[in-house]
Amino acid sequence: MITRIRRDPQTFERYQHNRDLVSFLNIFTDTRRELPQGWEMKIDRSRKAFFIDHVNRTTTFIDPRLPVDTPPVNPYFLHMSFLRLDGSHTGSPHSTSYHAGGPHSSSSHSSPHSGGTHSHSSPHLGGPHSTSHSTHSLSHSASHTGAPTPPPRNAGSDVIPTAYNDKVVAFLRQPNISEVLKEKQSCYASNSSLRDKINKIRSEGTEALDRLSNDIELTILLSLCENEIMSYVPPHLQQSSLSSGVHSPSGSPQASPGVQRPTRVPAPYKRDFQAKLRNFYKKLETKGYGQGPGKLKLTVKRDNVLEDAFNKIMSTSKKELQKSRLYISFAGEEGLDYGGPSREFFFLLSRQLFNPYYALFEYSANDTYTVQISPRSRFVDNYQEWFRFAGRVLGLALVHQYLLDAFFTRPFYKALLRESWTIADVEALDTEFHQSLLWIQDTDITEHDLVMTFSVNEEVFGQVTERELKPNGKNIPVTEKTKKEYIEKMVNWRLERGVTEQTECLIKGFYEVIDHRLVSAFDARELELVIAGTVEIDINDWRKNTEYRSGYHDQHLVIQWFWAAIEKFDNERRLRLLQFVTGTSSIPYEGFAALRGSNGPRKFCIEKWGRITSLPRAHTCFNRLDLPPYTCQEMLFEKLVTAVEETSTYGME
């Protein structure tokens with residue numbers, strides 16, 4: 001089918017609904033981009049996505065986000081090393097007339113976007129005859145326009161490759177190229193013919209690449225790696241180019257300045273968590289928290305820990321809870337409490353109290369090991385007192401320095417500290433809702449025919465009701481001037497989720513045990529570490545269960561710098577990085593292999609993204625770190641520390 005379409009673009013209309021062709025084309029779509037204006041995606045009964053073009057009133061299974069506007073590797077250019085990828089000549093003033101299919105050439109074909117016919121240059125759909133014509137025309141033009149002689153094709157030299165073919169060869173000769181290509185094209189591992197072609201290019205260089213310039217399999221594979229090829233600089237040349245001031249290709253994200261800059265000092269570690277923690281416990285001791293002389297003795301049955309603890313703790317006055325020493329004993333078990341029974345008590349109690357089975361709490365939307373208050377908890381008998389009890393348990397654990405076996409969402413810790421929620425806090429719980437709010441925030445809504453009021457429809461146990469976000473909100477339209485207030489109220493509505501009363505009861509119980517002014521020294525991330533603990537991170541397990549995208553792999557120089565930075569971090573800063581990327585410092589007991597994302601198991605992932613001037617950013621729903629291709633180890637370390645220590649955890653976008 002592809003060969004026929006390349007020979008005659010008109011045949012595309014015949015094959016555009018073929019399942020295999022549709023699946024093949026959709027491999028190349030950039031799903032991170034928004035759909036073009038006038039397009040909409042729907043799901044049919046078989047759970048298959050299709051796309052509606054409201055402008056031309058057509059439907060198609062081909063995703064309209066195909067990168068047809070900037071066609072990737074052009075097979076006719078594979079041996080034209082004096083031409084840039086965009087068709088412009090490196091030194092010729094006549095370069096603007098060159099296009100993908102040769103001088104002044106264009107082909108008419110059916111666009112996958114609408115099923116209609118559009119005319120534009122398409123190297124993928126050109127016929128075999130146009131190949132020789134294109135080659136002849138370009139070569140002839142080069143000889144009559146004063147074009148410079150192509151640079152020597154020595155990919156193994158000490159010069160950063162600038163010719164496209166040399167870049168391809170250098171890229172394919174990097175270590176672990178097989179893993180990189182398998183990530184780009186899953187069938188590469190089982191395609192022995194394609195592997196042989198890659199090995200020939202690796203061993204023979206540009207000569208083999210010239211011979212294979214019309215190979216469709218190779219062209220497709222290289223097109224998937226286009227961005228990585230154009231930005232690739234061999235590792236042994238990266239440091240030398242930095243030290244000597246040699247320019248990288250201007251289009252490369254790894255381009256280095258022509259003049260040396262003074263070495264920048266890493267950003268200061270502004271959040272000294274350990275110092276805060278020591279100061280916090282010192283203040284507790286000074287103010288007499290948990291020091292006695294009174295004793296709070298709890299005798300509980302192992303098979304009835306929750307009820308026994310509730311009855312005793314809720315019958316104790318606030319002053320006793322604050323000042324008394326804590327002594328725990330299990331019924332029928334002799335022994336003194338030197339910390340062991342108390343530690344086990346809080347472990348067992350938290351496992352039951354915060355277990356979704358008891359309906360007070362529920363698993364959050366983005367994974368199955370962080371919890372939040374459940375809206376259904378209102379149907380639990382005496383639920384106000386149960387949440388007040390939960391708050392007191394949190395306070396007692398904090399005062400007596402015991403960890404709880406529970407991990408809460410970031411908005412929960414913010415509520416506990418009475419901090420305001422932001423739009424970023426929504427992302428980990430509801431990605432689509434977060435994207436909608438971002439769109440409203442970044443768009444001039446007066447340019448769109450939107451009908452929004454300060455009200456929202458919500459479903460409560462099967463009944464859809466309209467809830468006003470402010471008095472008479474259903475009659476107050478949202479304007480460009482008032483959309484900031486609207487977004488704030490929508491954020492609060494989404495995060496409150498009908499649990500405002502329960503949250504207030506929990507906060508009340510928490511501050512019955514500990515003074516708010518003492519806890520306010522921490523931010524939400526730090527409070528999570530205090531309550532849930534700082535587990536020791538196994539770097540080897542972390543690295544073994546990390547995935548890479550967009551050209552990164554385990555032996556990539558930037559990735560080696562990244563893991564070197566992790567080695568330099570102490571355990572507390574590693575946990576901060578884990579919080580930054582995944583939204584929580586918790587690690588499943590199975591290790592990093594069991595990390596979960598918004599839709600099930602999802603490993604820690606590092607993707608090449610952005611410019612070297614950008615800070616790393618995180619996608620907590622996907623456990624993904626977007627890491628720019630920094631040009632030196634010091635820059636990576638500084639940017640990583642700045643991102644983790646001085647920015648919001650959720651999706652720095």
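The exercises below concern a predicted model of a protein, and each is followed by a worked solution.

**Exercise 1. Overall content**

State how many helices and strands the protein has, and what share of its residues is buried.

Solution.
- Step 1. The protein contains 26 helices and 17 strands.
- Step 2. Of its 653 residues, 51% are buried.
- Step 3. Take the contacts between residues at least 6 apart in sequence: 66% of them join residues at least 24 apart.

**Exercise 2. A sheet of three strands**

Find the strand order of the open sheet that contains E1, E2 and E3, and identify its edge strands.

Solution.
- Step 1. The order is E1-E2-E3, and the pairing is antiparallel.
- Step 2. Strand E1 (39-43) and strand E3 (58-60) are the edge strands, since each pairs on one side only.
- Step 3. On average, neighbouring strands of this sheet are turned by 30 degrees against each other, direction ignored.
- Step 4. E1 and strand E2 (residues 49-53) are joined by five bridges. Within this pair, Glu40 lies opposite Ile52 of E2.

**Exercise 3. A sheet of four strands**

Describe the open sheet formed by E12, E15, E17 and E16, and explain why one side of each edge strand has no neighbour.

Solution.
- Step 1. The strands follow the order E12-E15-E17-E16, and their pairing is mixed.
- Step 2. Strand E12 (546-549) and strand E16 (617-619) are at the edges; each has a single partner strand, so one side of each is left without a neighbour in the sheet.
- Step 3. From one strand to the next, the twist averages 25 degrees.
- Step 4. Mixed pairing can be seen by taking two pairs in turn. E12 and E15 run parallel and are joined by four bridges, with Glu547 opposite Cys605 of E15. E16 and strand E17 (residues 624-627) pair in the antiparallel sense over three bridges, with Arg617 opposite Asp626 of E17.
- Step 5. Helix H25 (residues 571-582) packs on this sheet and touches strand E15 (604-608), E16 and E17. The direction of H25 makes about 60 degrees with that of E16.
- Step 6. The loop between E16 and E17 holds Phe622. Its relative accessible area is 27%, so Phe622 is partly exposed: the buried class ends under 20% and the exposed class begins over 50%. The C-alpha atoms of Phe622 and Phe604 are separated by 8.0 Å, and the two residues are 18 residues apart along the chain.

**Exercise 4. The two faces of a strand**

Sort the side chains of strand E6 (residues 295-300) by the face to which they point.

Solution.
- Step 1. In a regular strand, side chains alternate between the two faces of the sheet.
- Step 2. In E6, Leu296, Leu298 and Val300 point to one face and are buried. Lys295, Lys297 and Thr299 point to the other face and are not buried.
- Step 3. E6 runs parallel to strand E7 (residues 325-330), to which six bridges join it. Val300 of the buried face stands opposite Phe330 in E7.
- Step 4. Strand E12 can be sorted too: Thr546 and Tyr548 form a covered face, and Glu547 and Arg549 an uncovered one.

**Exercise 5. One face of a helix**

Explain why the buried residues of H3 and of H6 line one face of each helix.

Solution.
- Step 1. An α-helix has 3.6 residues a turn, so residues three or four places apart point the same way.
- Step 2. In helix H3 (residues 19-26), the residues Leu21, Val22 and Leu25 are buried. Seen down the axis of H3, they fall within an arc of 100 degrees, so they line one face.
- Step 3. Arg19 and Asp20, on the other side of H3, are exposed. The buried residues pack against helix H1 (2-7) and helix H2 (12-15).
- Step 4. In helix H6 (residues 177-184), the buried residues are Ile177, Val180 and Leu181. Their arc, seen down the axis of H6, is within 90 degrees, so they too line one face.
- Step 5. The cover over the buried residues of H6 includes helix H5 (164-172), helix H7 (192-204) and helix H9 (216-224).

**Exercise 6. Two packed helices**

Describe how helix H12 (residues 273-286) packs with helix H22 (residues 524-532).

Solution.
- Step 1. Two packed helices are described by the angle between their axes and the distance between the axes.
- Step 2. For H12 and H22 the angle is about 65 degrees, and the axes are 12 Å apart.
- Step 3. The crossing of H12 past H22 is right-handed.
- Step 4. H12 contributes Phe273, Lys276, Leu277 and Tyr281 to the contact, and H22 contributes Glu526, Leu529 and Val530.
- Step 5. By type, five of these residues are nonpolar, none is polar and two are charged.

Conventions:
Residues numbered from 1 in each chain as written. Predicted model: local features only at pLDDT ≥ 70, side-chain atom pairs only at ≥ 80, totals over all residues. Heavy atoms only, no water. Pairing = 2+ DSSP bridges. Axes fitted to C-alpha atoms, helices over the stretch in contact; angles between N-to-C directions. Contact = heavy atoms within 4.5 Å. Buried < 20%, exposed > 50% of the residue type's maximum accessible area, 1.4 Å probe, protein only. Arc of directions from axis to C-beta. Left-handed = near helix turned anticlockwise from the far one by under 90°. Nonpolar A, V, L, I, M, F, W, Y, C, P; charged D, E, K, R; others polar.
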